[in-house]
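The following report describes selected features of one protein chain, beginning with its charged contacts and ending with points of the backbone and surface.

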Amino acid sequence: MEIIESLEEIPVQNPQAEDFSYSDLTWTKFGTTEHHDEVALIPYARVEEFIIGECSNPECPTRFHIERGRKRSRGSLREYKPDEYLEYRLYWCSFGPENYGEGGGVLPSRKYRLNTRNRAARPQSMRGCTCHFVVKRLYARPSLALLVYNERRHVNKAGFVCHGPLDRDAIGPGAKKIPYICNEIQQQTMSMIYLGIPEENVLEKHIEGIQRYCGSDATVDTLASQYVHKLGMIIKRSTHELDLDDQASIKIWAERNKKSIFSYQESSETDQFMLGIQTEWQLQQFVRFGHCSLVAADSTFGIKRLKYPLCTLLVFDSRHHALPVAWIISRSNLKSDVEKWMKILLQRAQSVEPGFRINGFIIDDAAMEIDPIRYASTLDTFRCPILFSLWRIRRSWLRNVVKKCDTIEVQRELFKCLGEVVYSIWDGVDTSKALERLTLDFSDQTAFMHYFTSTWLPKIGMWLSTIKSLPLASQEACGAIEAYHVKLKVKLFDDTHLNALQRVDWLVHKLTTELHSSYWLDRYADESDSFQNVKEEYIASTSWHRASEIPDSAVILDSNNTVVAKVRSQRDTNVARVVWNPGSEFAFCDCAWSLQGNLCKHVIKVNTMCENREGYGDSMSLRSFKEKLTSVKMKPMDDSIALDISMALTLQMFDQIKQLVKLSGTDDISNIVNDLPVKWGCKKGRTTVGIPASIAAFTKKRSQKRKR
């Protein structure tokens, strides 16, 4: 908008509508480049109609009061500028400027009580709204009024909407009569609305939840209906664009959601942008399923399409499904940055569970920094073993094989040859020779070979060395991580959102609303045995579970031909899926789900059936495990300190395994607890349990207070 310095160039506007507002006028920037305001000229006789129109804003209905006013008499000024006032009035939204809400306060300069006839219903309803404008009756042209809008939005100083239908904390005068709504019911209702469930079904479930506390009542049902409708309207009108500038928008979001952020670093010349998100519910699941268990990372989602890549930390719930417990949005892979957010994340978990620790961390990218996980300079990071998941490299290769090769015969042979390249690190075959054979045998597949040589060949050595040096995760873990990745891709890469992929605020909005609500509702449906459709879809969301439902009789294995296996369909027994190269992570199936690059149920079922059968090789994870055991066995020399250390660690691990076996095989936990040795805690937390009788009696006498 061009800045105008002369008031004479601003046209006078007189809308035809009886009442009009800000949106009915054309506003002009008036002033200088250093200081200018949005102004409009209207007839002075229509000022009241403008104020009525502003009060009727459907998003923030309000009233305006005169916060400050001045007057001059005509002829009092000998010299004057074109914008000098004859009358000056500052109109302020009646929900401000004081803030009687939480964290607010009365203006220190307010020494008297203003006339409340034209203010909000009660002083207690003021929430620090900053919306205000100025009306100047011009000294040079008394028939005209200059409108100067200083703050158009009805927000408080922090930038939050503070009243009206868009205010999430707004309550009406009947708040005392509203039935009790716990966090569980509110989260359930919000999740259903975010997932697009019809309002009638949402209201039905909402009333069922409230009736557990309030019973059945017509008034309760009416208020619940109003609550669901209002909540749906707030969610429908909510937007990710809190500001036109993406960086300013995400800063506003961070100020509003401090409880859900564990790390925030703005982009600067020295630091890269980083945002770590973890809601209270995710923190609970992190402590519940991550303590003494595994944590996995889907580390490079959207590296080509999003503005900043997304890294997700996952835990495995009671059904061994991958559950997102933290999101990190950043392009930085520096050791210092990774160690920074890992420390904060661990501190959050230990604030809930002081003894929190994890037993293993699964990575899926060979370029990921592992030193902050394994070798930390302090005790504030995970310091745990690291496993490697093959799901990303397998998915990438399979998708491009199917996409760039025409016939299925070439696809299965090429995918098998790629698997042999990975297997060569354990078979004693030179990797360079395996790669040379791959390029010679499939030189006619120019599209795929161009992709492979340009994308993977420069870094294949790094990936293969990582696969060989780290123990490999199982197919169940790979399938669970891949299931989360596929769901995330469906949620984010929808055609309706392609224009917003380069905005961080849109990504944050999608993660914290739709995706978070989806996983919350999945867990709630499973634990409460409600929402049967949601529960069934959640249980069957991983290929491992779908494979467990295939009976062994449906799998056809030929001992004379170990190259091919067949799986009969349960819906149509005349249909059978063919799996080539069975028993390998690089098995190839002709089903539609596998041809999209996914790990399908037929491959998992066939591989589990091939275990411990003659003619079929070991899986990569088992080969990796055997390799690690062999290397540990061969490391220490006879009569050396290294042998003593290895023996001590082996005995310690043996005792832990023995205790776990005993714990899992007993029916009465008290028998194991009674056999445990007494462990002394700090002085404050000690009790007389396990203390000898003489010492306990002495302690009791000394601790008794004198009775008066």
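## Basis of the description

A residue is called buried when its relative accessible area is under 20%, exposed when this value is over 50%, and partly exposed in between. The model is a predicted one, and the burial of individual residues is described in these terms throughout. Lys 307, for example, has 28% relative accessibility and therefore counts as partly exposed.

## Salt bridges between distant parts of the chain

Across the whole structure, 25 salt bridges are found. One of them involves Lys 307, whose side chain meets that of Asp 246 with an N to O distance of 3.3 Å. Because Asp 246 belongs to helix α5 (residues 246–256) while Lys 307 is in the loop between β10 and β11 (310–316), this pair ties together parts that lie 61 residues apart in sequence. Asp 246, with a relative accessible area of 8%, is buried, whereas its partner Lys 307 is partly exposed.

Another salt bridge is formed by Arg 152 and Glu 54, with the closest N and O atoms 2.9 Å apart. Here too distant parts of the chain are linked, since Arg 152 is in the loop between β7 (144–151) and α2 (183–194) and Glu 54 is in helix α1 (residues 47–55), 98 residues apart. Glu 54 is buried, with a relative accessible area of 1%, while Arg 152 is partly exposed at 30%.

## A salt-bridge network that includes helix α15

Within helix α15, Arg 523 and Glu 527 are 4 residues apart, which is about one turn of the helix. In an α-helix there are 3.6 residues a turn, so residues three or four places apart point the same way. The closest N and O atoms of the salt bridge between Arg 523 and Glu 527 are 2.6 Å apart. Arg 523 counts as buried at 3% relative accessibility, and Glu 527 counts as partly exposed at 46%.

This pair is part of a wider arrangement, in which Arg 288, Asp 317, Arg 319, Arg 523, Asp 526 and Glu 527 are linked in a network of salt bridges.

## Aromatic pairs and charges over rings

With ring centres within 6.5 Å taken as the limit for a pair, the count comes to 27 aromatic pairs. One is that of Tyr 85 and Tyr 88, which is tilted, with 5.6 Å from centre to centre and 50 degrees between the planes. Both of these tyrosines, Tyr 85 and Tyr 88, are buried. The ring of Tyr 85 also has the charged end of Arg 72 sitting over it, 4.0 Å from the ring centre. In a similar contact, the charged end of Arg 305 sits over the ring of Phe 493, 4.1 Å from its centre.

One aromatic cluster is formed by Phe 388, Trp 397, Phe 415, Phe 448, Tyr 451, Phe 452, Trp 456, Trp 463, Trp 580, Phe 586 and Phe 588.

## Two enclosed helices and a contact of α13

Helix α9 (residues 391–404) has 14 residues, which at 1.5 Å a residue should span 20 Å, and its end C-alpha atoms are indeed 20 Å apart. Because 11 of these 14 residues are buried, α9 is largely enclosed by the rest of the structure. Among its buried residues are Trp 391, Arg 392, Arg 394, Arg 395 and Trp 397, and Trp 397 is also a member of the aromatic cluster.

Helix α14 (residues 475–492), with 18 residues, reaches 26 Å from its first C-alpha to its last, close to the expected 26 Å. With 13 of its 18 residues buried, α14 is likewise largely enclosed by the rest of the structure. In helix α13 (residues 460–469), Ile 460 is buried, with a relative accessible area of 5%. The C-alpha atoms of Ile 460 and Ala 366 are separated by 9.7 Å, although these residues are 94 residues apart along the chain.

## Backbone details and a surface patch

The peptide bond from Gly 96 to Pro 97 is cis, with omega near 0 degrees, and Pro 97 is in the loop between β5 (85–93) and β6 (132–138). Cys 292, which is not a glycine, has a positive phi of about 55 degrees; Cys 292 is in the loop between α6 (280–290) and β10 (294–301) and is partly exposed, with a relative accessible area of 34%. Asp 529, also not a glycine, has a positive phi of about 55 degrees; Asp 529 is in the loop between α15 (504–528) and α16 (532–539) and is partly exposed at 48%.

At the surface, Met 653, Ile 657 and Val 661 make a nonpolar patch of about 290 Å². Val 661, in helix α21 (residues 641–665), has a relative accessible area of 55% and is therefore exposed.

Definitions and conventions. Residues numbered from 1 in each chain as written. Predicted model: local features only at pLDDT ≥ 70, side-chain atom pairs only at ≥ 80, totals over all residues. Heavy atoms only, no water. Phe/Tyr/Trp six-rings, centres within 6.5 Å; stacked < 30°, edge-to-face > 60°. Buried < 20%, exposed > 50% of the residue type's maximum accessible area, 1.4 Å probe, protein only. Lys NZ or Arg CZ within 6 Å of the ring centre and 35° of its normal. Helix = DSSP H or I, 4+ residues; strand = E, 2+ residues; numbered from the N terminus. Expected span 1.5 Å × (residues − 1). Patch = residues over 30% accessible without salt bridge, like charges linked within 9 Å, V, L, I, M, F, W, Y side chains within 5 Å. Areas by Shrake-Rupley, 256 points an atom, 1.4 Å probe, with all protein chains shown as cover. Salt bridge = Lys/Arg side-chain N within 4 Å of Asp/Glu carboxyl O.
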